[in-house]
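Student: I've got this one open in the viewer, and I'd like a close look at a single part of the interior. Pick a spot, tell me what sits around it, and then work outward from there.

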Amino acid sequence: MSDVDSARDEARRARYAVAAIFAVHGAVTGSFATRVPWIQDHASLSAGQLGFALAFTALGASCAMPLAGRISHRFGSRTALRGLLVLWTLALVLPSLAPNLYTLCAAMFVYGATAGMADVAMNALGVEIERRLDKSIMSGLHGMWSAGALVGSAAGTLAAHWGADARLHHALAAATLTLLGLVACAWVLDVQPAEDEQPPPRFTLPPRSALLIGMVGFCAVFAEGASLDWSAVFLRDRLDTSAGLAAASTTGFMLTMAVARIAGDAVVNRFGAVRTVRTGGVLAVLGGLLIVVAGHPAMAMGGFALMGLGIAVVVPLCFAAAGHSGPNPSQAIAGVATITYTSGLIAPSLIGGVAQATSLVVSFCVVTILACGLAAFAGVLRTAERGGRAQVSPRAAAVPDPRP
């Protein structure tokens, strides 16, 4: 076997290992999201207080993510990913242990910080494997994240249905996912920086070319964060459902996200980025309207499922468009990431604040209005015209998604 064939075989094995790591990362998120109502009751929080605490997740991620590149630069990709992934899986136990608002805010900050750093490390490895294989794999990796989130949320739905204590549920989930993550990390690439390579910059301001693209991503991430964190609470508080059925709404949202991400490359290749996002925006708006007018749990669950289907591929396409939008693709992509993370930061607290002042129905009216922006401004994602269709470079698309 030649050195080239050996290297490609190594990259293929690493691809499957990183796919498993994406699934583990997603499973942690799914495990947490379905038990948010339990955590709210355990800490005796109002809707506004819960929203305030959830905002610390994105705050922690935004503060800690720049450190991930420097950690990988110092220790190498395999060691860095192993350590950061373990910190993330173990952080799952912290929110359910919090007895009040202040401790929950601290727990969510750590939870978000470890999530963000592990996210950056695994996405960087995915991009490196894609480069070595010379073909796009990032959509499939993000599909694996959604599949993992689906499995985690399904397990959380069962735990909620059985009335299991979230502290026990999350301790068992964390132990299992930590073990799976460590096994997978043994097979990833160990990329070491060149001796003269400088550490990555800590922060990059968004260039003008990225602002409109970033705002489209802002709308998508806002809808995703609102649905992921508040769908179960909406069904329980608004429609008086059981804990198990409320948790199932989060599972349905994640299911449609997973299906759309797995099929996303084929859809974009067939219809183009602009048409895909515009159609997704229409689906997201229809989903939001179903949620707002829902008088039965099935209507609300269908609305959340449509919302997930509509927004699933928007953020990766925003990054791809940013890569073509100016003379410095890295700066443009980093700028879009900054804007979308800002959305993730304010969405939970804004939803909770509006719900506290009015109701959760009004909160999801805000989500629906923002979803209109996906359909209205999808044209800014047009990166090149070939035969009348916007084309997205697979290489440009291979960038980390801010909510995997």
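**Around Phe234**

Tutor: Let's start at Phe234: if you skip its neighbours within four places in sequence, this residue is in contact with Leu239, Ile291, Ala300, Phe304, Leu360, Val361 and Phe364. Keep in mind that we're looking at a predicted model. Two of the residues in that picture come back when you ask about the core as a whole. The largest nonpolar core has 112 residues, and the ones with the most contacts inside it are Trp230, Phe234 and Phe364. Helix H9, residues 208–239, is the top contributor to this core, with 17 residues. Phe234 and Phe364 are also direct partners, since Phe364 is among the residues that Phe234 contacts.

Now step back for the setting. The chain has 16 helices and 2 strands. It runs to 404 residues, 54% of them buried. If you count contacts with a separation of 6 or more, 85% come from residues 24 or more positions apart. As for the outside, the accessible surface comes to about 16300 Å², and carbon and sulfur atoms account for 65% of that.

Just past H9, have a look at Asp240, which is found in the loop between H9 and H10. It isn't a glycine, yet its phi is positive, at about 55°. As a rule, most residues other than glycine have a negative phi. Is Asp240 buried or exposed? Its relative accessibility is 68%, so Asp240 counts as exposed. Ser44 makes a good companion: it sits in the loop between helix H2 (36–42) and helix H3 (47–75). Ser44 also isn't a glycine, and its phi is positive, near 55°. With 61% relative accessibility, Ser44 counts as exposed too.

Carry on along the chain and you get to a helix pair worth rotating into view. Helix H10 (residues 243–271) and helix H11 (residues 273–293) pack at an angle of about 115°, and their axes are 7 Å apart. On the H10 side the contact uses Val267, Val268 and Phe271, while H11 brings Ala273, Arg275 and Thr276. Sorted by class, the contact of H10 with H11 has 4 nonpolar residues, 1 polar and 1 charged.

H11 also holds Gly281. Its relative accessibility is 0%, which is under the 20% cut-off, so Gly281 counts as buried. What does Gly281 touch, leaving out residues up to four places away in sequence? The list is Gly310, Ala371, Leu374 and Ala375. A bit further down the chain, the C-alpha atoms of Gly281 and Ala378 are separated by 8.4 Å, with the two positions 97 residues apart along the chain.

Another glycine, Gly308, lies in helix H12, residues 297–311. Gly308 counts as buried because its relative accessibility is 0%. Apart from neighbours within four places in sequence, Gly308 is in contact with Phe253, Thr256 and Met257. Check Val259 as well: its C-alpha and that of Gly308 are separated by 9.4 Å, although the two residues are 49 apart along the chain.

For contrast, jump to earlier parts of the chain. Met122 is found in helix H6, residues 101–133, and at 0% relative accessibility it counts as buried. The C-alpha atoms of Met122 and Ala19 are 9.2 Å apart, for residues 103 positions apart along the chain. Then there's Ala175, in helix H8 (residues 166–185). This alanine has 47% relative accessibility, so it counts as partly exposed. Its C-alpha is 7.8 Å from that of Thr89, 86 residues away along the chain.

One last check, on the cysteines. How many disulfides does the count come to? The answer is 0. Cys63 and Cys105 are worth clicking on anyway. Cys63 counts as partly exposed, because its relative accessibility is 47%, whereas Cys105, at 7%, counts as buried.

So, back where we began: click on Phe234 again, with Ile291, Phe304 and Leu360 among its contacts, and you're looking at one of the residues with the most contacts inside the 112-residue core.

Terms used: Residues are numbered from 1 along each chain as its sequence is written. This is a predicted model: local features need pLDDT of at least 70, side-chain atom pairs count only at pLDDT 80 or more; totals for chains, interfaces and linings use all residues. Side-chain values use heavy atoms; hydrogens and water are left out. Helices (H or I, at least four residues) and strands (E, at least two) are DSSP runs, numbered from the N terminus. Buried means under 20% relative accessible area, exposed over 50%, partly exposed in between (1.4 Å probe, protein chains only). Contact means heavy atoms within 4.5 Å. Accessible areas come from the Shrake-Rupley method with a 1.4 Å probe; for residues, only the protein chains shown count as cover. A nonpolar core is a set of buried Ala, Val, Leu, Ile, Met, Phe, Trp, Tyr and Cys residues joined through side-chain atoms within 4.5 Å. Axes are lines fitted to C-alpha atoms, for helices over the stretch in contact, and angles run from 0 to 180 degrees between N-to-C directions. Ala, Val, Leu, Ile, Met, Phe, Trp, Tyr, Cys and Pro count as nonpolar, Asp, Glu, Lys and Arg as charged, and the others, Gly among them, as polar. A disulfide is a pair of cysteine sulfur atoms within 2.5 Å.
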